[in-house]
Amino acid sequence: MNAAQSPAPSSNAARLGPNDHRSVGGQLDLFSFHDEAPGMVFWHPRGFALFRRLEAAARQLLEAQGYAEIRTPQVMRVPVWEASGHWRHFRSGMMELGLDKVPAALKPVSCPGHLMVAGRRPPSHRELPLRLAEFGVVHRNEASGSLQGLLRLRQFTQDDGHILCADDEQAREEVARFCAALPAFYGAFGFEGLDVALSTRPREHAGSLEQWARAEGILAGALEDLGWDYAVQVGEGAFYGPKIEFALRDRNGRAWQCGTIQMDLVMPERFGQVYVDASGERRPLLMLHRALYGSLERFMGLLLEHYGPALPPWLAPVQLRVLPVGEGQLAYAREVLERLVTRGTRAELDEDGSLSKRLARAHVDGVPFQLIAGAKELAAGELSCRSASGQRRATAGEIIEGLVADCASPKFEAQRRDLATTGAGANLRP
Ligand SMILES: [Zn+2]
């Protein structure tokens, strides 16, 4: 997709919330920035582990939905960017360099690479829709004054994906299917509301009016199949096609556009994308671009601004801390820790300082669960568990089972129902 670092975070620039993600990132030791690489992130171990959890969540949904993951080159020669339209419309945002003394540029998007993979031979109608995805590291030459932590970077990771379809009906079904999975996906991060908008033909655009009416009809039709309400942003589409945009609201009421699905009227033709139909004829393909996060880095910025250090348990860098009250419970605490780590949770032991100091430290470090092992707990084979929802005491086995479930990553289901024909959107309304 060609969209600027979607979405333009300029509206956030002047009014960062009480949790500036940069200071929360420092507090949790997640990442840093250095003058040696302006606008690019140095990930620390805990931050990169969190980054990979975001990646894993999206990858799990991609796999459930039948995408194949690929990887395409970081640098490509200029004719590719001429064909994609980036050289004409986006050159100032691209980082140029030579490749064998031939002009080339770092990729600002992954789309052309995907079309080169998809077009290595024309797919058969039986292989459609063809779904390709990439966690593409992209570079954009943003002005130094506009850089803003994770929210606007020169190097970031786009969860880019493309769906190649045979006809309008297939495209409409794919759009509905992509949208239908979004409430559960964002819900796993604690975001309940979803603002949906359809952005239509801008004044300056490629393609004919007929093509635009058809593409806008496909996107609007999918939203109608789902029974979703949506706003229309007249003239806000990309020059190459209309798009549906999804915005989340953080706890300060700010809207963050994250997900998007776009219909591309330009690139399939420029890259000569065709498929072979049932009678052996070559026919043009339809192309959709889609993303859940937009930028993984920016989405992490949103999470940190929304939650501060107190991330949901499945995302928290440290999920549990075991706190023995005294020396006498140290062996018991170590045994509990081992059981928790063996069960796949991110648990630590903290025996340094008074219990109240350790509880305060767990709060600052955003650790959602603290397990207190005192003399009474040890004698009864129990644990006291403290969290934002209060304190409870139960047998060690019971507490551990409950925490393993509370700390597990969500599982996303594929939306295999035929939404276009059943109209089963009512209960999926965002
Ligand atoms: Zn794309």
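## Exercises on strands, domains and a shared core

Strand β9 (residues 195-199) and β11 pair in the antiparallel sense, with 5 bridges between them. Keep in mind as you work that this is a predicted model. Have the structure open and try each task before reading on.

### Exercise 1: Around β11

Task: Find the partners of β11 and decide how far this strand is enclosed.

Solution, step by step:

1. Start on the β9 side. Within this pair, Ala197 has Glu245 of β11 as its bridge partner.
2. Now look for the other partner. β11 is also paired with strand β12 (residues 255-264), antiparallel and over 6 bridges. Here Lys243 stands opposite Gln262 in β12.
3. Follow the chain from β11 into β12. The two strands make a hairpin with 5 residues between them, and Gly253 in the turn has a positive phi of about 85 degrees.
4. Turn to burial, where a residue counts as buried if 20 or more other C-beta atoms lie within 10 Å of its own. In β11 (residues 243-249), 5 of the 7 residues are buried, so the strand is largely enclosed by the rest of the structure.

### Exercise 2: Moving on to β15

Task: Starting from β12, work out which strands pair with β15 and what happens on its two faces.

Solution, step by step:

1. β12 pairs with β15 in the antiparallel sense over 5 bridges. Asp264 stands opposite Met287 in β15.
2. Strand β8 (residues 155-165) is paired with β15 too, again antiparallel and over 5 bridges. Cys165 stands opposite Leu286 in β15.
3. Now check the faces. One side of β15 carries Leu286, Leu288 and Arg290, the other carries Met287, His289 and Ala291, and all of these are buried, which leaves both faces covered.
4. Put this together for the whole strand. In β15 (residues 286-291), 6 of the 6 residues are buried, so the strand is largely enclosed by the rest of the structure.

### Exercise 3: The small domain and its neighbour

Task: Lay out the domains, then describe the sheet of β4, β5 and β6 and the side of domain 1 that touches domain 2.

Solution, step by step:

1. The domain assignment gives domain 1 (22-71 + 110-308), domain 2 (73-106) and domain 3 (320-407).
2. Trace the sheet. Its 3 strands have the order β4-β6-β5, with antiparallel pairing, and the sheet is open. β4 (75-77) and β5 (96-99) are the edge strands, each pairing on one side only. From one strand to the next, the twist averages 45 degrees.
3. Zoom in on one pair. β4 and strand β6 (residues 102-106) are antiparallel and share 3 bridges, with Val75 opposite Leu106 in β6.
4. Step back to the two domains. The centres of domain 1 and domain 2, taken over C-alpha atoms, are separated by 21 Å. Contact involves 13 residues of domain 1 and 12 residues of domain 2.
5. Which elements give two or more residues to the side of domain 1 that touches domain 2? They are α6 (111-118), β7 (130-139) and α10 (267-270). The largest share, 3 residues, comes from α6.
6. Sort that side by residue class: 8 are nonpolar, 3 polar and 2 charged.

### Exercise 4: A mixed sheet and a core between domains

Task: Describe the sheet that contains β16 and β18, then locate the largest nonpolar core.

Solution, step by step:

1. The sheet is open, has 5 strands in the order β17-β16-β18-β19-β20, and shows mixed pairing. Its edge strands, β17 (347-349) and β20 (390-395), each pair on one side only. Neighbouring strands are turned by 25 degrees against each other on average, direction ignored.
2. Look for a parallel pair. Strand β16 (residues 320-324) and strand β18 (residues 369-373) pair in this sense over 5 bridges; the bridge partner of Leu320 in β18 is Phe369.
3. Add the helix. α12 (residues 330-342) lies across β16, β17, β18 and β19 (382-387) and runs at about 165 degrees to β16.
4. Where does the largest nonpolar core lie? This core has 104 residues, and those with the most contacts inside it include Val175, Leu219, Val322, Val336 and Ala373. Both domain 1 (22-71 + 110-308) and domain 3 (320-407) give residues to this core, so it lies between them.
5. Finish with one of these residues. Leaving aside neighbours within four places in sequence, Val175 is in contact with Ile218, Leu219, Ala222, Ile261 and Leu288.

Technical notes. Residues numbered from 1 in each chain as written. Predicted model: local features only at pLDDT ≥ 70, side-chain atom pairs only at ≥ 80, totals over all residues. Pairing = 2+ DSSP bridges. Helix = DSSP H or I, 4+ residues; strand = E, 2+ residues; numbered from the N terminus. Axes fitted to C-alpha atoms, helices over the stretch in contact; angles between N-to-C directions. Domains from an automatic or database assignment. Contact = placed C-beta atoms within 7 Å. Nonpolar A, V, L, I, M, F, W, Y, C, P; charged D, E, K, R; others polar. Core = buried A, V, L, I, M, F, W, Y, C linked by C-beta atoms within 7 Å. Buried ≥ 20, exposed ≤ 12 C-beta atoms within 10 Å, placed from the backbone.
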